[in-house]
Amino acid sequence: MSEQFDVIVIGSGPGGYVCAIRAAQLGMKVACVEKRATLGGTCLNIGCIPSKALLQSSEVFHETAHSLKDHGILVDGIKLDLDRMQDRKGEVVAANTKGVEFLFTKNKITWLKGAGRIVAAGKVDVAGTVHETKTIVIATGSDSVPLPGVTVDEKRIVTSTGALELDEVPGHLVIIGAGVIGLELGSVWGRLGAKVTVVEFLDRILPGTDTEIAKSFQRILAKQGFSFKLSTKVTGATQDDKGVSLTMEPVKGGAAETLRADVVLVAIGRRAYTEELGLAEVGVATDNRGRVITDAHFATNVPGIYAIGDVIAGPMLAHKAEDEGVALAELLAGQAGHVNYGVIPGIVYTWPEVASVGETEEGLKAAGIAYNIGKFPFTANGRARAMGATDGFVKILADKTTDRLLGAHIIGPDAGTLIAEIATAMEFGASAEDVARICHAHPTLSEAVKEAALAVEGRALHI
Ligand code: FAD
Ligand code: NAD
């Protein structure tokens, strides 16, 4: 008979490992099942962390090659050592995954190594041993959506996983899908010298993002060298020893065309991953997109089985998964765990960054909510000028009657950090005037947020 646990979490991504830690902090006996050789899930191994490591390295390379002369710094003979860049990425990933292993030891969490399969409520099979538990948490995450006719080999036709591992800079990288993955990884390889073409089914990039921000972002990316083929449908791909031929046609009909690529990145979204988990056998209900159906407290239809993170509905973001992990552990301990889905920031870690929280203009219009807009460009911010980073602006949306903050969208330097101020203010139910009246240090990029908040009432000072 194996050990009896209070909680077995299946999957050690940001949802699973954070849930395991919080449950252990609250006094529960916890195990986490992970079949990958290292902990941390998609995010730490093949997602957030390696992509940010390469974004950082490629940004330094690009800046050194193109921007330093503006500062009066002349550097000759800049060369790319891609092997070292990839090794550094590996070191960053290892430091993070080992960090989770350390946290498991510190919190006395048992790592059950192998693939977990639910055999019944309260019973999880891992490599032939059935472990007993009061509660099961499904945190098995997601994987890439395949595109029929475009067969991934992770060498020439890649998902994000292969695109993070390329051992040479492709001459021409064609990306299918103008979403977050496409634009971040397109930025990495574009900065290192690839010609980048993005083929997108819709007539815009970054669907779901505030349209004004997305249009402005597309212009900025085009200036950086990205080519966009919007409203275009890829119909197939064939490989030869020199590369890939992609066939495509306009979504609305019209002449087909062929595009040659050295590498093709398929980045058309991710889908819930529940393979061989035993869901059908134990009767856990899933929706038409394969996501585990849960109630507001993360409970599935089978008593004692819960689910969090990418495998359930909602934005596929690491911090959303983490917050759900904490909330669920607290609910299991009899506390009032809660996630405010109205205030989950989303960030695209390109240059400049794109950050959003709360409602978009389109969302407010659709909901019939009257709003005021305050905008402020980074061209009018002293610190952004000093940095030579004036692309972009801050846009704040506030309720027309009450001035309560409804959303904010920032395209610009360090937008991902700046958006945290608005998220905090929104959590406290603040108004735009509240943000405008807070003393923001000078000269900082955050003054652009204050100025946009002032602009909601038409009284920005520096424009
Ligand atoms: P995952 O991280 O997917 O973890 C699930 C784990 O479960 C995996 O390790 C898997 O091996 C394991 N597993 C699955 N089935 C079983 C089983 N039966 N038994 C044992 N183990 C199992 N989000 C952000 O917020 N910011 C970013 O910058 C960001 N960048 C990204 C970049 C890329 C290239 C990608 C692909 C994703 C990125 N994401 C980012 C999304 C983020 O990675 C996910 O939202 C997040 O990892 C979801 O966490 P999770 O815990 O739900 O699942
Ligand atoms: P996405 O949903 O962000 O974008 C997919 C894009 O592909 C969309 O623009 C969609 O219209 C387009 N598309 C769909 N089918 C297509 C087709 N047949 N042909 C051409 N275009 C098509 O998905 P993604 O970029 O693959 O990212 C997956 C998930 O990973 C996202 O949910 C995202 O939240 C998460 N992620 C987050 C970050 C971050 O937070 N910085 C980074 C990477 C990934």
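**Exercise 1. Locate alanine 127 and say what is unusual about its backbone.**

Step 1. Start with the place: alanine 127 sits in the loop between S5 and strand S6 (129–138). The model is a predicted one, so keep that in mind as you work through the steps.

Step 2. Now look at the backbone angle. Alanine 127 has a positive phi of about 50°, although this residue is not a glycine.

Step 3. Walk back along the chain to the hairpin that S5 belongs to. Strand S4 (residues 116–120) and strand S5 (residues 123–126) run antiparallel and are joined by 4 bridges. One of the pairs to look for is alanine 120 with its bridge partner in S5, lysine 123.

Step 4. Finish with the turn. The hairpin of S4 and S5 has 2 residues between the strands, and glycine 122 takes a positive phi near 85° there.

**Exercise 2. Work out the strand order of the open sheet that contains S9 and S10, and find its edges.**

Step 1. Write down the order: 5 strands form this open sheet, arranged S8-S15-S9-S10-S11, with parallel pairing.

Step 2. Which strands stand at the edges? They are strand S8 (157–158) and strand S11 (227–229). Each has a single partner strand, so one side of each is left without a neighbour in the sheet.

Step 3. Zoom in on one pairing. Strand S9 (residues 172–176) and S10 pair in the parallel sense over 5 bridges. To find the register on your screen, start from leucine 173, whose bridge partner in S10 is valine 196.

**Exercise 3. Find the cis peptide bonds that precede proline 352 and proline 443, and place each proline.**

Step 1. Take tryptophan 351 and proline 352: the peptide bond between them is cis, with omega near -10°. Proline 352 is found in the loop between strand S18 (346–348) and strand S19 (353–358).

Step 2. Move on to histidine 442 and proline 443, which are also joined by a cis peptide bond, with omega about -5°. Proline 443 lies in the loop between helix H13 (432–437) and helix H14 (447–455).

**Exercise 4. Describe the second largest pocket and its lining.**

Step 1. Begin with the volume, which is about 690 Å³ for the second largest pocket.

Step 2. Which residues are closest to the centre? Of the 26 lining residues, they are His62, Glu63, Ser67, Gln224 and Trp351. You have already met Trp351 in the cis bond to proline 352.

Step 3. Trace the lining back to the fold. Helix H3 (48–66), helix H6 (180–191), strand S10 (195–199) and helix H7 (211–223) are the elements that give two or more residues. H3 gives the most, with 4 residues.

Step 4. Sort the lining by class: 9 residues are nonpolar, 10 polar and 7 charged.

**Exercise 5. Describe the surroundings of ligand 1.**

Step 1. List the neighbours. There are 39 residues around ligand 1, and Glu34, Thr42, Lys52, Gly116 and Ala318 come nearest.

Step 2. Look for polar contacts. An oxygen atom of ligand 1 is 3.4 Å from a polar backbone atom of cysteine 43, and an oxygen atom is 3.2 Å from a polar backbone atom of methionine 316. Histidine 319 contributes a polar side-chain atom that lies 3.4 Å from an oxygen atom of the ligand.

Step 3. How much of ligand 1 does the protein cover? The protein covers 95% of the 1,000 Å² of accessible area that ligand 1 has on its own.

Step 4. Assign the shell to elements. Helix H1 (14–25), strand S2 (30–34), helix H2 (41–46), H3 and helix H9 (318–332) each supply at least two residues. H2 has the largest share, with 4 residues.

Step 5. Classify the shell: 16 residues are nonpolar, 17 polar and 6 charged.

**Exercise 6. Do the same job for ligand 2.**

Step 1. Of the 21 residues around ligand 2, those that come nearest are Ile181, Glu184, Glu200, Gly269 and Ile347.

Step 2. Go through the polar contacts. An N or O atom in the side chain of glutamate 200 is 2.6 Å from an oxygen atom of ligand 2. A polar backbone atom of methionine 316 is 3.1 Å from an oxygen atom of the ligand, and a polar backbone atom of isoleucine 347 is 2.7 Å from a nitrogen atom.

Step 3. Check the burial: ligand 2 exposes 840 Å² when taken alone, and the protein buries 77% of that.

Step 4. Describe the shell. H6 supplies the largest share, 3 residues, and the shell divides into 15 nonpolar, 3 polar and 3 charged residues.

Methods:
Residues are numbered from 1 along each chain as its sequence is written. Chains are lettered from A and ligands numbered from 1 in the order in which they are written. This is a predicted model: local features need pLDDT of at least 70, side-chain atom pairs count only at pLDDT 80 or more; totals for chains, interfaces and linings use all residues. Side-chain values use heavy atoms; hydrogens and water are left out. On a 1 Å grid over the protein atoms alone, a cavity is a set of points where a 1.4 Å probe fits but cannot get out, and a pocket is an open set with protein on both sides within 12 Å along at least five of seven lines; lining residues have an atom within 4 Å of a point. Grid points are joined across faces, edges and corners, and a volume is the space filled by probe spheres set on the points. Ala, Val, Leu, Ile, Met, Phe, Trp, Tyr, Cys and Pro count as nonpolar, Asp, Glu, Lys and Arg as charged, and the others, Gly among them, as polar. A residue is near a molecule or strand if one of its heavy atoms lies within 4 Å of it. A polar contact is a pair of N or O atoms within 3.5 Å; within protein, one must be able to donate a hydrogen and the other to accept it, and residues adjacent in sequence count only if both atoms are side-chain atoms. Accessible areas come from the Shrake-Rupley method with a 1.4 Å probe; for residues, only the protein chains shown count as cover. Two strands pair if DSSP finds at least two bridges between them.
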